[in-house]
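Below are my notes on the model, as numbered points. They cover the surface, the core and one helix residue.

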Amino acid sequence: MAPVLPLALPLQPRIRLAQGLWLLSWVLSLTGGITLFCSGHLLVQLWHLGTFLAPSCPFIALPQVALAAGAVALGTGLAGAGASRASLDAAQYPPWRRVLGPLLMAGTAGGGGLLVLALGLALALPGSLNSGLEEGLGSAMAHYKDTEVPGHCHAKRLLDELQLRHHCCGRHGYKDWFGIQWVSSRYLDPNDQDVVDRIQSNVEGLYLIDGVPFSCCNPHSPRPCLQNRLSDPHAHPLFNPRQPNLNLWAQGCHGVLLGHLQGLAGTLGIILAVTFLLQTLVLLGLRYLQTALEGLGGVIDGEGETQGYLFPGELRDMLKTAWLQGGVTPRPASEEAPPEEEPPKEDLPEA
């Protein structure tokens, strides 16, 4: 039976194919290394920002799968470079002849599967960041005051560092701080009538003020930072509450982190797509080169006509037989039942 997608490969085309594969394999190794770097960078970013992501957010799976896919792509590129170079040397090819088949299977099943999975995650998971950051930032802001509570004692430091590093304030803006108690009760004077009035006026007994932490202040502002009584238009001369960006960071941390992480995920997705294309080309080329050399009995410099192919004809026939045996073939017409024989007529007696 004829093989699947055959391609005639005499000596000179085989040499050019091996040389092209050698170069393409090194490019694949380079993109595999870039994939490792980008996925590792995204993983480190998520590790640093883990406090501000909901524990149930599945976005962490993207860099983990991409890391494994990049490692397999790097290994496939190095193996492809070695095999294509050995196919030009009769002394080096015999060891590769024994392992090239398993390498192709591992690269196709393992590397291809991981790359497809990583590409799917790069397309699907960035949407989960919105709700993950919404929940994580809200929880971190609620625990900002809990500097002495086990498990939350670092929330204040991490949130201050986040706002200073990313030039953001609150979840969606600086007014988010007005709706939570971010000052620890330890630092409130219970004898201060203003403190008592604010706590008693709140249904939940929280001390709410129209102020923000110091990390919301813009150090590039020409005037001293204004943190308290931001809703009172008469509290601060020459301060316009409609233009808080002159004093505070205008952007919320949710939008800043969402754009930052989605940008990293988009870059990683592009690199994964390029890596998948290169790995497909390398594996196809290695398969054609392997089957062409097997047709010559592994003789590198054989002058005879040979052809490479993807799958042998027997595999196609086997798959076709399995498909037909699965019930796809039309059922044969039911045989007609033989006509019933009429009962023999009894001879009437003669009158």
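1. Helices here are DSSP runs of H or I with at least four residues, numbered from the N terminus. The model is predicted, so local features need pLDDT of at least 70 and side-chain atom pairs count only at pLDDT 80 or more, while totals for chains, interfaces and linings use all residues. Residues are numbered from 1 along each chain as its sequence is written, and side-chain values use heavy atoms, with hydrogens and water left out.

2. Helix 1 (residues 11–48) gives the most to the nonpolar patch, with four residues. The patch, of about 480 Å², is made by W22, L23, W26, V27 and L78. Patch residues have over 30% relative accessible area and no salt bridge (a side-chain nitrogen of Lys or Arg within 4 Å of a carboxyl oxygen of Asp or Glu), and nonpolar side chains (Val, Leu, Ile, Met, Phe, Trp, Tyr) are joined within 5 Å. Areas come from the Shrake-Rupley method with a 1.4 Å probe.

3. L23 lies in helix 1. Because its relative accessible area is 54%, L23 is exposed (over 50%; buried is under 20%, partly exposed in between).

4. The largest nonpolar core (buried Ala, Val, Leu, Ile, Met, Phe, Trp, Tyr and Cys joined through side-chain atoms within 4.5 Å) has 52 residues. Among those with the most contacts inside it are F52, L162 and W177. Helix 7 gives the most to this core, with nine residues. Apart from it lies another core, of 14 residues, including A18 and V282.

5. A61 is in helix 2 (residues 61–86) and counts as partly exposed, at 26% relative accessibility. Beyond its neighbours within four places in sequence, A61 is in contact (heavy atoms within 4.5 Å) with L121 and L125.

Key:
Helices (H or I, at least four residues) and strands (E, at least two) are DSSP runs, numbered from the N terminus. Buried means under 20% relative accessible area, exposed over 50%, partly exposed in between (1.4 Å probe, protein chains only). Patches are made of residues with over 30% relative accessible area and no salt bridge: like charges are joined within 9 Å, nonpolar side chains (Val, Leu, Ile, Met, Phe, Trp, Tyr) within 5 Å.
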